[in-house]
Amino acid sequence: MRRLAILGSTGSIGTSTLDVVAAHPEQLSVVSLSAGRNRELVRAQCERWRPSCVSVAEEEDARWLAAQLSYRPEIHCGAKGLMACALHPGADTVVAAIVGAAGLASTEAALRAGRRVCVANKESLVVGGSLMLRARDEGRGELLPIDSEHAALHQLLAGRPSETIREVRITASGGPFRDWPLERIRAATVEEALNHPTWKMGPKITIDSATLMNKGLEVIEAAVLFGLRPDQIKVTVHPQSQVHAMAGFTDGSYQLQVCGNDMKHPIQYALLYPDRIPGPVQPYDWDQMRTWSFGIPDLERFPCLALAYEALRAGGTAPAILNAANEESVAAFLAGRIGFWDIPTCNRDTLSSLAPEPVRSLEQVLETDHMARLRACTWIEKHTC
Ligand SMILES: NC(=O)c1ccc[n+]([C@@H]2O[C@H](COP(=O)([O-])OP(=O)(O)OC[C@H]3O[C@@H](n4cnc5c(N)ncnc54)[C@H](OP(=O)(O)O)[C@@H]3O)[C@@H](O)[C@H]2O)c1
């Protein structure tokens, strides 16, 4: 039986994780839940799953929850509460499904405490990848990706000697603007950008999918998780989102990983690894006629992808700078303060305004994150519509 701490239980990944738990009552149980501001949903989740520890972002919501619940779990709030959920002694597996760099410290602490950490929160790997690997190694933790492309690579690369891997390819649906001309993309509205063709996800990652920054963050994530060079990681546009990744070997052949586009699949893979048992996702139906297509991304229309490669090649704190700028520019776009095309421009200007340094500590990357956010916010102030 795996006992779970789910950080970000009220989000898209968090709720899908609970669906997977519901399908496997013999194998999975819930020990702690952490949410942000959605107190109604976390209340309902507590009543259903009866975790012994729960945390919300604000103190006022923690008080509200204590008054509402029909039983008495430990109730915490803020960053300390997140840590209490992540490090709960009753939990052996942590699902890191908070959005953004806010998930960094709890992911690191759980790895250092020797937990199995199933990471959806790609930002923590982008911002502090080397620190996460060090925490895993020193704490003898386990790091398993939930991102579908990286779960696919985990399946494709397991047990392969690194010298036999020529390259990997992660696929991108191309987002809602895949076939749009540049002029139309420049003027895209929030509503258009949130209209993802194949995946139903939280708002931040949906915008990142429209700019292809999500794919850029995933390129950096793949470099961290699988120890690959930037030139070994390629992106292939595949609108059907059925092939999630490809591994290319030195003899010139490729292996592909295929499953439907339902996040419950990679979530179950990470939670139950190395076991494979029937779950809530139907097996892939090969008896249906399908057409798959593959193409190359256009870096002129999707400059965020090129910026991610630039940050990966620069190394050190460059990915943290880019990630912080992107979190701020996406939030400003969602709030209607800047236009869609301002996202890559703000990201590029912020990235080039700070010199990257070698990564030394969690405090240093958090300080870099803070500095980059200040630069991005100043940029946004100047360009507010
Ligand atoms: N959705 C997908 O299909 C998908 C696929 C691959 C990877 N990912 C990655 O998984 C992560 C989560 O994505 P998502 O789509 O599930 O996002 P989401 O639906 O927006 O959910 C985010 C979760 O984080 C919580 N949260 C946000 N800020 C917080 C803070 N400061 N402190 C504590 N909790 C906070 C939210 O709480 P409230 O809602 O209660 O405020 C919610 O539970 C992201 O890093 C994303 O890139 C997602």
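**Exercise 1. Which side chains meet in a salt bridge at 2.8 Å, N to O? Place the pair in the chain and give the burial of each partner.**

Solution. The model is a predicted one.
Step 1: The pair is Lys234 and Glu167, whose side chains meet at 2.8 Å, N to O.
Step 2: Lys234 lies in strand E9 (residues 233-237) and Glu167 in strand E8 (residues 165-172). They are 67 residues apart, and the pair links distant parts of the chain.
Step 3: Lys234 has a relative accessible area of 28%, so it is partly exposed. Glu167, at 5%, is buried.

**Exercise 2. Describe the interface of domain 1 and domain 2.**

Solution.
Step 1: Find the domains. Domain 1 covers 2-146, domain 2 covers 148-302 and domain 3 covers 315-385.
Step 2: Take the spacing. The centres of domain 1 and domain 2 are 25 Å apart, over C-alpha atoms.
Step 3: Take the contacts. In domain 1, 28 residues touch 29 residues of domain 2.
Step 4: Take the area. About 2,300 Å² is buried between domain 1 and domain 2, and carbon and sulfur atoms give 73% of it. On the domain 1 side, Lys122, Pro145 and Ile146 lose the most area, together 27% of what that side buries.
Step 5: Take the polar links. Three salt bridges cross this interface. Eight residue pairs are in polar contact between domain 1 and domain 2.
Step 6: Find the main supplier. Helix H1 (12-23) is among the elements that each supply at least two residues of the domain 1 side. H1 gives the most, with seven residues.
Step 7: Sort that side by class. The domain 1 side has 15 nonpolar, seven polar and six charged residues.

**Exercise 3. Lys264 and Asp19 form a salt bridge. Work out what parts it ties together.**

Solution.
Step 1: The side chains meet at 4.0 Å, N to O.
Step 2: Lys264 is in helix H12 (residues 264-272) and Asp19 in helix H1, so the pair ties together parts 245 residues apart in sequence.
Step 3: Lys264 is buried at 17% relative accessible area. Asp19 is partly exposed at 40%.

**Exercise 4. Is helix H5 largely enclosed or open? Give the reasoning.**

Solution.
Step 1: H5 spans residues 104-112, nine residues in all.
Step 2: Its buried residues are Leu104, Ser106, Thr107, Glu108, Ala109, Ala110 and Leu111.
Step 3: Seven of the nine are buried, so H5 is largely enclosed by the rest of the structure.
Step 4: Look past the helix. Gly114 follows H5 and has a positive phi, near 85 degrees.

Conventions
Residues are numbered from 1 along each chain as its sequence is written. This is a predicted model: local features need pLDDT of at least 70, side-chain atom pairs count only at pLDDT 80 or more; totals for chains, interfaces and linings use all residues. Side-chain values use heavy atoms; hydrogens and water are left out. Domain bounds come from an automatic or database domain assignment. Contact means heavy atoms within 4.5 Å. Buried area is the accessible area (1.4 Å probe) that two parts lose on being put together, summed over both. A polar contact is a pair of N or O atoms within 3.5 Å; within protein, one must be able to donate a hydrogen and the other to accept it, and residues adjacent in sequence count only if both atoms are side-chain atoms. Helices (H or I, at least four residues) and strands (E, at least two) are DSSP runs, numbered from the N terminus. Ala, Val, Leu, Ile, Met, Phe, Trp, Tyr, Cys and Pro count as nonpolar, Asp, Glu, Lys and Arg as charged, and the others, Gly among them, as polar. Buried means under 20% relative accessible area, exposed over 50%, partly exposed in between (1.4 Å probe, protein chains only).
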